[in-house]
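Welcome! Here are a few short exercises to work through with the sequence and the 3D view side by side.

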Amino acid sequence: MGKIVLTEEQRSQLDGTTSAEVYDQAGKAIGYLLTPEEYTKLVYAWAKEEFAKDDLTDPIDDDDEEGSMTTAEVLAYLKSLNQGESGAA
């Protein structure tokens with residue numbers, strides 16, 4: 001993501017504003033300015049929606065996929081690897 005540094009005059013136009021549309025000199029909308037909190041909220045909402053779409057399009061339990069493991073299975077496997085160490089370096 002690019003970075004734009006506002007002049008003090010531009011910054012003063014935003015005082016009291018939590019979001020704003022940004023236009024070029026010809027009046028064409030070129031973007032939207034959001035607070036970090038608003039941006040984070042939108043990204044989380046988008047991600048939540050995307051995961052919901054995935055669940056709708058592929059509701060089949062992933063446990064049936066070859067090579068997949070649950071968290072508990074992974075932890076048990078890693079523990080078994082530790083128990084097999086001989087301690088020799």
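**Exercise 1.** Among the elements of the protein chain, which has the lowest mean pLDDT and which the highest?

*Solution.* This is a predicted model, where local features need pLDDT of at least 70 and side-chain atom pairs count only at pLDDT 80 or more, while totals for chains, interfaces and linings use all residues. Residues are numbered from 1 along each chain as its sequence is written, and side-chain values use heavy atoms, without hydrogens and water. Start with the score: pLDDT is the predictor's confidence in each residue, from 0 to 100. Next, the elements are DSSP runs: helices (H or I, at least four residues) and strands (E, at least two), numbered from the N terminus. Helix α2 (residues 36-57) has the lowest mean, 83, and β2 the highest, 92. For the protein chain, the mean is 81, with 79% of residues at 70 or more.

**Exercise 2.** How many bridges join strand β1 to strand β2?

*Solution.* Strands pair if DSSP finds at least two bridges between them. Here β1 (residues 19-23) and β2 (residues 29-34) run antiparallel, joined by 5 bridges. For one example, find E21: its bridge partner in β2 is Y32. Then look at the hairpin, with 5 residues between the strands, where G27 takes a positive phi near 90°.

**Exercise 3.** Which element supplies the largest share of the lining of the largest pocket?

*Solution.* First, α1 (8-13), β1 and β2 each supply at least two lining residues. The largest share, 5 residues, comes from β2.
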